[in-house]
Amino acid sequence: MYTSSVVDDEQHCFAVMKKMEEEYENKNEQFFVDVLTSEPSLVLRVHAVTILAELGGEAAVPVLSDVVLHDPDPLVKHEAAFTLGQMGLASGVPALEEAVRHDKEPIVRHESAAALGSIGNQSARPTLEAALKDKDELVRNSAAASLFNLKFLKEYAIVGTAKDRMPRP
């Protein structure tokens, strides 16, 4: 279903964007999940992903994980990884680890590594340690920063999960 078309039908995209504004006001998470699974336009998928960073809960994790792993566009995948990190839910860790290990695009590996640090789940440590050997410097730096965050959280954090620490600066 995913395509790399930026705007497949301008009038349709405008209509969906208008509906997104309405559904954002209604805090309708499912609407944005549906956009991700049914709309081919990159502009709509990026917009839906970024809104889910604020509205999303556990119900959004499977579709965001699928986007991180299967969307053809690196920008959309990057934004989905960022959103999973902002949501702070441990259920996003497996897809992010898979992306760090195997995505061909450095921007996706980098953001997935950064998101793992934001989530703060110690189970991501081996993946992040392996990413220290990535061929891309941005990925290595993101992995190192995330490992530092995991160390900090293990030694000093008052609460255990990213969701518990929300909101964060």
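Angles under 35 degrees between two helix axes count as roughly parallel. With that in hand, here are some questions about this predicted model.

Q: How do α7 and α9 run relative to each other, roughly parallel or roughly antiparallel?
A: Let's start with the geometry: helix α7 covers residues 106–119 and helix α9 covers residues 137–156, and their axes lie 8 Å apart. The two pack at an angle of about 5°. The cut-off for this class is under 35 degrees, and therefore α7 and α9 are roughly parallel.

Q: How many charged residues take part in the contact of α7 with α9?
A: On the α7 side, the residues include Pro106, Arg109, His110 and Ala113. They meet residues of α9, among them Leu138, Val139, Ser142 and Ala143. Sorted by character, the contact has eight nonpolar residues and six polar ones, and the number of charged residues is one.

Q: Which helix gives the most to the largest nonpolar core?
A: This core has 45 residues. Those with the most contacts inside it are Met20, Phe32, Leu36, Leu64 and Leu128. With eight residues, spanning part of 42–55, the top contributor to this core is helix α3.

Q: How many helices does the protein chain have?
A: Reading along the sequence, you meet one α after another in the pattern α-α-α-α-α-α-α-α-α-α. The count of strands is zero, and the count of helices is ten.

Q: What percentage of the protein chain's residues count as buried?
A: The chain exposes about 8500 Å², with carbon and sulfur atoms supplying 56% of that area. To count as buried, a residue needs under 20% relative accessible area. Of the 169 residues, the share that qualifies is 47%.

Technical notes:
Residues numbered from 1 in each chain as written. Predicted model: local features only at pLDDT ≥ 70, side-chain atom pairs only at ≥ 80, totals over all residues. Heavy atoms only, no water. Helix = DSSP H or I, 4+ residues; strand = E, 2+ residues; numbered from the N terminus. Buried < 20%, exposed > 50% of the residue type's maximum accessible area, 1.4 Å probe, protein only. Areas by Shrake-Rupley, 256 points an atom, 1.4 Å probe, with all protein chains shown as cover. Core = buried A, V, L, I, M, F, W, Y, C linked by side-chain atoms within 4.5 Å. Axes fitted to C-alpha atoms, helices over the stretch in contact; angles between N-to-C directions. Parallel < 35°, antiparallel > 145°, perpendicular 65-115°, else oblique. Contact = heavy atoms within 4.5 Å. Nonpolar A, V, L, I, M, F, W, Y, C, P; charged D, E, K, R; others polar.
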